Amino acid sequence: MDQPRRRPVFESPGRGGIRVGVREAAAGEAGKPAITRRSGADEARALRSRWRTATMAAGWSFPADWPLAEIDQVCAAVLGAADPAAELYELGSARAEAGAGLAETLLDLAALHAVIEEPPGSTGIISPNVDAIPSRMLRATALGWGDAMSRQAAGSAADDPLTGLATGAYLRTRLREVYAEARTSGRQDHVLVLVALDLSRASGWSRVVAMTLLADALREVFDSGQTIASIGPSLAAVLVRRDERLIRTVGNLRLLTADRLAVDPHVAPTGPAEVWLEELPATYEQATELLAGFGR
């Protein structure tokens, strides 16, 4: 008597779901609808258990760190009919926030893939292989991990490593303090000085050099404790207290920036620098929106 054909455990059919036959794999028996044997919760627990076992066997560093709420969401999505890309993205993000490296995160993903690819009823050793992960699964998880790491880097660093200018995150912190001061005094004494270069006229490292030269000029002109920050690839801002010398100071900045850029013929075309004063809006929230718009 012919044996019933087994359905493939994992396929990537393009715009549709990326999973076929996972219910049978979780149930552990081919040819019998899993839903008649186990509830959805039972299937999810079985998949989670096999996934964890495969990950631990592959060398997961800290077993106590493996369980996450996103694990259950991925199991539910894989066992359902929907594309689990969104859940995998959230898992990658959660792994990064928990301190797992990308290599370890992808090893865990490979363990999941190996489990759902294992033929139903198999009792053999599961060997995770990162190179075998379908690109759609790999992309979603890696994007989640990378985006979380980018958010952490942007939120924790106080200085731009290339120019030495403060980050936009630090400028937002200073703005919060300035707005708190304004509420106490009843007046807003601060203003932003914005300086932009045309980096479309430079390429490669010349763009970095141009911003570094601009940073040097800014630090020389504003040397009394003002906050000088990078808020975009070609834009810097200075948070200053308004006084009678401000207009002259801005003029000096234009001249000094022109001199600095003229030193290198590869960066000279990025000037002359555009310099202007930007009044602070009424609220801190509006100020952060303003900075976000400039940073795009």
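Hi everyone, let's start with one residue: setting aside neighbours within four places in sequence, Leu47 is in contact (heavy atoms within 4.5 Å) with Cys75, Val78, Leu79, Leu112, Val115 and Ile116. Before going on, this is a predicted model, where local features need pLDDT of at least 70, side-chain atom pairs count only at pLDDT 80 or more, and totals for chains, interfaces and linings use all residues. Residues are numbered from 1 along each chain as its sequence is written, and side-chain values use heavy atoms, with hydrogens and water left out.

Now, the cores. A nonpolar core is a set of buried Ala, Val, Leu, Ile, Met, Phe, Trp, Tyr and Cys residues joined through side-chain atoms within 4.5 Å; buried means under 20% relative accessible area, with a 1.4 Å probe and protein chains only. The largest one has 28 residues, and Leu47, Trp51, Ile71, Val74, Leu88, Leu109 and Leu112 touch the most other members. Helices H2 (40-57), H3 (69-79), H4 (85-97), H5 (102-117) and H6 (135-156) each give two or more residues to this core; helices here are DSSP runs of H or I, at least four residues, numbered from the N terminus. Which helix gives the most? H5 does, with eight residues. There is also a second, separate core of 27 residues, including Leu218 and Val267.

Finally, empty space. A cavity is a set of points on a 1 Å grid over the protein atoms alone where a 1.4 Å probe fits but cannot get out, and lining residues have an atom within 4 Å of a point. The largest cavity has a volume, meaning the space filled by probe spheres set on the points, of about 30 Å³. Among its lining residues are Val178, Glu181, His190 and Arg241, and helix H7 (residues 168-185) brings the largest share, four residues.

How values were computed: Buried means under 20% relative accessible area, exposed over 50%, partly exposed in between (1.4 Å probe, protein chains only). On a 1 Å grid over the protein atoms alone, a cavity is a set of points where a 1.4 Å probe fits but cannot get out, and a pocket is an open set with protein on both sides within 12 Å along at least five of seven lines; lining residues have an atom within 4 Å of a point.
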